Amino acid sequence: MERSGASEATGSDASGPDPQLAVTMGFTGFGKKARTFDLEAMFEQTRRTAVERSRKTLEAREKEEEMSREKELRQNEDIEPTSSRSNVVRDCSKSSSRDTSSSESEESSDSSGDELIGPPLPPKMVGKPVNFMDEDILGTLPPPLNEEEEAEEEEEEEEEENPVHKIPDSHEITLKHGTKTVSALGLDPSGARLVTGGYDYDVKFWDFAGMDASFKAFRSLQPCECHQIKSLQYSNTGDMILVVSGSSQAKVIDRDGFEVMECIKGDQYIVDMANTKGHTAMLHTGSWHPKIKGEFMTCSNDATVRTWEVENPKKQKSVFKPRTMQGKKVIPTTCTYSRDGNLIAAACQNGSIQIWDRNLTVHPKFHYKQAHDSGTDTSCVTFSYDGNVLASRGGDDSLKLWDIRQFNKPLFSASGLPTMFPMTDCCFSPDDKLIVTGTSVQRGCGSGKLVFFERRTFQRVYEIDITDASVVRCLWHPKLNQIMVGTGNGLAKVYYDPNKSQRGAKLCVVKTQRKAKQAETLTQDYIITPHALPMFREPRQRSTRKQLEKDRLDPLKSHKPEPPVAGPGDCDPRGFRGRVGNPREAILRHAKAAEDNPYWVSPAYSKTQPKTMFAQVESDDEEAKNEPEWKKRKI
């Protein structure tokens, strides 16, 4: 068929193309028809070749089996008596005839139409009818299972179906950050380093591979001076950390804590916040873009959400301005990117949730105005791993689930989850089947809990009592399968399961705690040179005790400071203080000596200073005599 098709095409080509048209178009092959192929014929040819190869392999195997059987018979003949040889030969001839007849029947059946395609059958299956349509035979069948093994398999299947069994909470370690609230947690994408921040302005770095059982941070710093740390997040490449504090300027530091960039501060006297270069009020939170390296966003009390680039810290990239339904400003309390980075979601103080297209900053794509109670701070919004569901943790003690494809009402809502911190967050499990959040408690009024909800039914399926303080932050790493928790009493806890978790806390638990080294006294080596010149001789070292005894004999070094005088001078309303009780008396004490021996001031003015003359002071009797007559008459 192929050749005939090709000959037809060549025949048509000989008569078809116009030489003048080919010259006009500039190439000789113009106007020829494409070569056609018959796919059915090709498939049939490949099938036949496969059948022939399978036949040849089967025949070769049968011949090898016959040869091996003959060898075995010969060996048996040498060992067994001659009387049994004839029986064996007869049996072998019968079996060989049967085998040959079966092979002939197989060949006839193969030639009749059921041709084998693929590798040959194993020797045990030769001569047996095989139905390839019902089941494919791959190797040998496993032995039947015992009842205990079957029960174990059923339990494993139930564990796989129940998401609660996947929670890694069998073991825990405690990292002591400080004494104040741990308000920020960040874990790099590989799960090697954990970073914590708190109300004590400190940011601490924890390396799981480098820690031992003492669980001590290898670095601590204050990147934002005296501002509380509100959010910490590693970039998608793990080489930078976004630090959001109570100031108006976000910072980016590297893995070792050195500053990479700091956002510029905007002009607070400009009315339109889109015309400023940066935020003008306190920040709330921030988030890295999940796909684009070096892009992140922040939200602030200046009623804006701004996106930034690490390469350009002097001005933001774009500005999103949340508005109420009446067009008034509203402050965003939290913001996040979607998993693909195309959407930006923000929750506001009026209880609304607004979602923008990342490239369109004017009007939000979705706007639900009463997601949570107005006047409460929604502390967290986060997208599921499939990108279709949004979870929001409200300041009205509730947790809600939203479908962004139908953003007109919540899918589920759970209440009775008290929160007292503006950064209490929630997160999805790595398999997207559970949602986790923390609860807050008053001091001495119970323990904070980590609560798990099933996404499909939104039932409260599991709880973990963390500590006698509030649970502020929670983080479930998808690669490690470990849960990090930040509490209100300065602790960061890591929950893991040795069988279900990977690396992370498992690396440092197995290391024994290093023994504390004794403080070594730094002493300078003393070189004795008895024959050296005096200028090159080193002074003999003396012990500290002898030096202290010598200083005790020195009147200047051993002089005790005199305490202040607690007398009338100490409480003088004119403000004189110190050793002198009455400063006027102390000065006038030297007046007679200064008058008798004018040494400092008086000689300088001796020629120009006039002679002092004092007015005479009259007594009361003299004043009465000298009074005029009209005063006396009045009296």
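# Reasoning from values to terms

User: Which residues does Thr285 touch, not counting residues up to four places away in sequence?

Analyst: Thr285 touches Ser231, Val244, Met297, Thr298, Cys299, Thr333, Thr334 and Cys335 when residues up to four places away in sequence are not counted. The model is a predicted one. Thr285 itself is found in strand E10, residues 283–288.

User: Why is Thr285 called buried?

Analyst: The relative accessible area of Thr285 is 11%. Buried means under 20%, so Thr285 is classed as buried.

User: What makes Leu39 exposed?

Analyst: Leu39 has 51% relative accessibility, and the exposed class takes values over 50%. Leu39 therefore counts as exposed. This residue is found in helix H3, which covers residues 39–79.

User: Which residues form a nonpolar patch on the surface together with Leu39?

Analyst: Phe37, Met42 and Phe43 form the patch with Leu39, and together the four have about 450 Å² of accessible area. A patch residue must have over 30% relative accessible area, and Leu39 satisfies this at 51%.

User: How do you know that Glu172 and Lys493 form a salt bridge?

Analyst: The closest N and O atoms of Glu172 and Lys493 are 3.3 Å apart. The rule asks for a side-chain nitrogen of Lys or Arg within 4 Å of a carboxyl oxygen of Asp or Glu, so this pair qualifies. Glu172 lies in strand E1 (residues 171–176) and Lys493 in strand E28 (residues 491–496), and the pair therefore ties together parts 321 residues apart in sequence.

User: What makes Glu172 partly exposed, and why is Lys493 called buried?

Analyst: Glu172 has a relative accessible area of 40%, and the partly exposed class lies between the 20% and 50% limits; Glu172 is therefore partly exposed. Lys493 has a relative accessible area of 10%, which is under the 20% limit, so Lys493 is buried.

User: How do you know that Asp188 forms a salt bridge with Arg255?

Analyst: Their closest N and O atoms are 3.3 Å apart, and the limit is 4 Å. The pair links distant parts of the chain, 67 residues apart: Asp188 is in the loop between strand E2 (182–187) and strand E3 (193–198), and Arg255 is in the loop between strand E8 (251–254) and strand E9 (259–262).

User: Which terms describe the accessibility of Asp188 and Arg255?

Analyst: At 1% relative accessibility, Asp188 falls under 20% and is therefore buried. At 25%, Arg255 lies between the limits of 20% and 50%, so Arg255 counts as partly exposed.

User: What makes strand E2 largely enclosed by the rest of the structure?

Analyst: Six of the six residues of E2 are buried, so the strand is largely enclosed by the rest of the structure.

User: How many bridges join E2 to E3?

Analyst: Five bridges join E2 to E3, and the two strands run antiparallel. Pairing needs at least two bridges, so the two strands are paired. Gly186 stands opposite Val195 in E3. The strands form a hairpin with five residues between them, and Gly191 in the turn has a positive phi of about 80 degrees.

User: Why does the pair Asp432 and Arg455 tie together parts of the chain, and what are their closest atoms?

Analyst: Asp432 and Arg455 form a salt bridge with their closest N and O atoms 3.4 Å apart. Asp432 lies in the loop between strand E22 (426–428) and strand E23 (434–438), and Arg455 in the loop between strand E24 (448–454) and strand E25 (460–467), so the pair ties together parts 23 residues apart in sequence. Asp432 and Arg455 are both buried.

User: Why is Ser374 called exposed?

Analyst: Ser374 has 59% relative accessibility, and exposed means over 50%; Ser374 therefore belongs to the exposed class. Ser374 lies in the loop between strand E17 (366–368) and strand E18 (380–383).

User: With which residues is Ser374 in contact, leaving aside its neighbours within four places in sequence?

Analyst: Ser374 is in contact with Gln349, Asn350 and Gly351. The C-alpha atoms of Ser374 and Gly351 are separated by 4.5 Å, although the two residues are 23 residues apart along the chain.

Methods:
Residues are numbered from 1 along each chain as its sequence is written. This is a predicted model: local features need pLDDT of at least 70, side-chain atom pairs count only at pLDDT 80 or more; totals for chains, interfaces and linings use all residues. Side-chain values use heavy atoms; hydrogens and water are left out. Patches are made of residues with over 30% relative accessible area and no salt bridge: like charges are joined within 9 Å, nonpolar side chains (Val, Leu, Ile, Met, Phe, Trp, Tyr) within 5 Å. Accessible areas come from the Shrake-Rupley method with a 1.4 Å probe; for residues, only the protein chains shown count as cover. Helices (H or I, at least four residues) and strands (E, at least two) are DSSP runs, numbered from the N terminus. Buried means under 20% relative accessible area, exposed over 50%, partly exposed in between (1.4 Å probe, protein chains only). Contact means heavy atoms within 4.5 Å.
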